[in-house]
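Hi everyone, thanks for coming. Please have a look at the picture while I walk you through it, and feel free to stop me at any point.

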Amino acid sequence: MAHLIYSAISSLDGYIEDTEGRFDWAMPDEEVHKFVNDLERGAGTYLYGRRMYETMMVWETDPNLATESPLLRDFAEIWQAADKIVYSKTLETVPTRRTRIERNFDPEAVWQLKEVAQNDILIGGPNLAAHAFRSGLIDECHLFLTPIIVGGGKPSLPDHVRSELELLEERRFGSGMVFLRYRTRQAAAT
């Protein structure tokens, strides 16, 4: 059975973007980006809300991005090789390959996907992840804490959800960013 993994880059005070919608402070340096590439190399599917998908689709739609460095080319290849499911009521089409649109988040369909998937599934974007947390679908959280306090914005973790976590791994980077890998208690019980 595949794991459903929520991954986010967050400010120290728990936001993925600040009050102005910016997240330029969260851009990973080369050391962190290489680590992310290695983490995501085994992913078979990405689950995204519309906004997160629109942020990430540049890894396929902007060919210049992959020419900037071997590290960025590697991530573009990883991203393009995976299937993508975009949950959106407004998108009519998607410009990337291996991508399909679902109108509603169906916990049962995600559970079935976890049962048949050969590789782990990554879920991106806190709004979509909140549905998966509330449905008890999240197996792991991969949090990258950036050494900045932004004072408000879009929270990285959902409100009104209680989930006990077990720390599996931590890593410090030269930039001051910290990676924390947690397993949810429900995942540990299965």
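Let me start with a small puzzle: is Asp38 buried, partly exposed or exposed? One thing to keep in mind as you look is that this is a predicted model. Asp38 counts as partly exposed, because its relative accessibility is 41% and the partly exposed class runs between 20% and 50%. Its side chain meets that of Lys34 in a salt bridge, at 3.2 Å from N to O. Lys34 is also partly exposed, at 48% relative accessibility. Both residues sit in helix H1, 4 residues apart, which is about one turn of the helix.

Why would such side chains meet at all? Side chains of opposite charge can pair when their charged atoms come close.

Let's stay with salt bridges for a moment. The model has 16 salt bridges in total. Another one joins the side chains of Asp83 and Arg98, at 2.9 Å from N to O. Asp83 lies in strand E4, residues 83-87, and Arg98 in the loop between E4 and E5, so this pair ties together parts that are 15 residues apart in sequence. Asp83 is partly exposed, with a relative accessible area of 33%, and Arg98 is partly exposed as well, at 45%.

Now find Arg22 and Glu20, whose side chains meet in a salt bridge at 2.9 Å, N to O. Glu20 counts as exposed because its relative accessibility is 60% and the exposed class begins over 50%. Arg22, with a relative accessible area of 41%, is partly exposed. These two also belong to a network of salt bridges that links Asp18, Glu20, Arg22 and Asp24.

Next, the sheet. In what order do its strands come? Reading across, you get E5-E4-E3-E6-E1-E7-E10-E9, an open sheet of 8 strands with mixed pairing. At the edges are strand E5 (99-102) and strand E9 (165-172), each of which pairs on one side only. Neighbouring strands are turned by 20° against each other on average, ignoring direction.

Let's zoom in on one pair. Strand E1, residues 4-11, and strand E6, residues 120-124, pair in the parallel sense over 3 bridges. If you click on Ile5, its bridge partner in E6 is Leu122. And remember helix H1? H1 lies across E3, E6, E7, E9 and E10, and runs at about 170° to E7.

Now for the inside. The largest nonpolar core has 25 residues, and Tyr46, Trp59, Trp79, Phe144 and Phe173 have the most contacts inside it. Helices H1, H2, H4 and H5, together with strand E3, each supply at least two residues of this core. H5 gives the most, with 5 residues.

Tyr46 is a nice one to click on. Leaving aside its neighbours within four places in sequence, Tyr46 is in contact with several residues, including Ile78, Trp79, Asp83 and Leu122. You have met Asp83 already, in its salt bridge with Arg98, and Leu122 as the bridge partner of Ile5. Apart from this core lies another one, of 23 residues, among them Tyr87, Phe105, Ile121 and Leu137.

My last stop is helix H7, residues 126-134. Which of its residues are buried? They are Pro126, Leu128, Ala129, Ala130, Ala132 and Phe133. Just after H7 comes Gly136, which takes a positive phi of about 70°.

That's my tour, so over to you for questions!

Note on methods:
Residues are numbered from 1 along each chain as its sequence is written. This is a predicted model: local features need pLDDT of at least 70, side-chain atom pairs count only at pLDDT 80 or more; totals for chains, interfaces and linings use all residues. Side-chain values use heavy atoms; hydrogens and water are left out. Buried means under 20% relative accessible area, exposed over 50%, partly exposed in between (1.4 Å probe, protein chains only). A nonpolar core is a set of buried Ala, Val, Leu, Ile, Met, Phe, Trp, Tyr and Cys residues joined through side-chain atoms within 4.5 Å. Contact means heavy atoms within 4.5 Å. Two strands pair if DSSP finds at least two bridges between them. Axes are lines fitted to C-alpha atoms, for helices over the stretch in contact, and angles run from 0 to 180 degrees between N-to-C directions. A salt bridge is a side-chain nitrogen of Lys or Arg within 4 Å of a carboxyl oxygen of Asp or Glu.
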